[in-house]
Amino acid sequence: QAVDRDKSSATLKRDKATIGLAVNGADPEQASCYFEVENLEQLREDLIMKGSSPSEMRMDQYGGNKYRVFFDKEPYGVCFCFGTKLP
C-alpha cells in the first residue's frame with residue numbers, strides 16, 4: 001500500500017515492512033535501490049543459493065553513518081544495495 005507519494009518519491013508499506021522509493025536520475029543504467037536488512041549475511045547466502053552473484057561485503061559511509069553493505073545487480077539492470085547501519 002502506498003502510504004505517501006509525490007512527483008519523485010513514494011513510501012510503500014506491507015505488514016511490518018516499509019520501503020521508500022525515489023527518482024534520483026534519468027539514466028536507467030544508474031537505477032538502484034537500497035534496502036536496510038536485519039540479517040545481511042543470511043540474505044547474501046540466500047541470494048547465492050538462488051543463483052545470484054552478489055558482491056563481497058564492504059563498509060560504506062553515507063550521511064555521517066557507517067553501513068555494512070553488498071550489491072546485487074538484476075539482469076534487467078537495476079542494482080540493489082542491501083545494508084545494515086552500524087552503531
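Three exercises with worked solutions follow, all on a predicted model.

**Exercise 1. Salt bridges**

Find how many salt bridges the whole structure holds, and place each pair in the fold.

*Solution.*

Step 1. Count. The search of the whole structure gives three salt bridges.

Step 2. Take R68 and E41. Their side chains meet in a salt bridge, N to O at 2.1 Å. R68 sits in strand β6 (residues 65–73), and E41 sits in helix α1 (residues 40–49). The two are 27 residues apart, so this pair links distant parts of the chain. R68 is partly exposed at 27% relative accessibility. E41 is also partly exposed, at 35%.

Step 3. Take R44 and E56. Here the N to O distance is 3.5 Å. The cut-off is 4 Å, so the pair counts as a salt bridge. R44 belongs to helix α1, while E56 lies in the loop between α1 and β5 (58–62). The pair therefore ties together parts twelve residues apart in sequence.

Step 4. Take R58 and D60. Their closest N and O atoms are 2.8 Å apart, in a salt bridge. R58 is partly exposed, with a relative accessible area of 43%. D60 is partly exposed at 23%.

**Exercise 2. Buried or exposed?**

Classify R44 and E56, the partners in one salt bridge, as buried, partly exposed or exposed.

*Solution.*

Step 1. R44 has a relative accessible area of 16%. Buried means under 20%, so R44 is buried.

Step 2. E56 has 61% relative accessibility. Exposed means over 50%, so E56 is exposed.

Step 3. Combine. This salt bridge joins a buried arginine, R44, to an exposed glutamate, E56.

**Exercise 3. Core and cysteines**

Which residues form the largest nonpolar core, and how many disulfides are there?

*Solution.*

Step 1. List the core. The largest nonpolar core has six residues: L40, L47, F70, V78, F80 and F82.

Step 2. Assign its sources. Helix α1 and strand β7 (79–85) each supply at least two of these residues.

Step 3. Set this against the general pattern. In soluble globular proteins, nonpolar side chains tend to be buried together.

Step 4. Test the cysteines. A disulfide needs two sulfur atoms within 2.5 Å. For C33, the nearest cysteine sulfur is that of C79, 9.1 Å away. C33 is in no disulfide. For C79, the closest cysteine sulfur is in C81, at 7.1 Å, which is too far for a bond.

Step 5. Conclude. The count is zero disulfides.

Step 6. Add accessibility. C33 is partly exposed at 22%, and C79 is partly exposed at 23%.

Methods
Residues numbered from 1 in each chain as written. Predicted model: local features only at pLDDT ≥ 70, side-chain atom pairs only at ≥ 80, totals over all residues. Heavy atoms only, no water. Helix = DSSP H or I, 4+ residues; strand = E, 2+ residues; numbered from the N terminus. Buried < 20%, exposed > 50% of the residue type's maximum accessible area, 1.4 Å probe, protein only. Core = buried A, V, L, I, M, F, W, Y, C linked by side-chain atoms within 4.5 Å.
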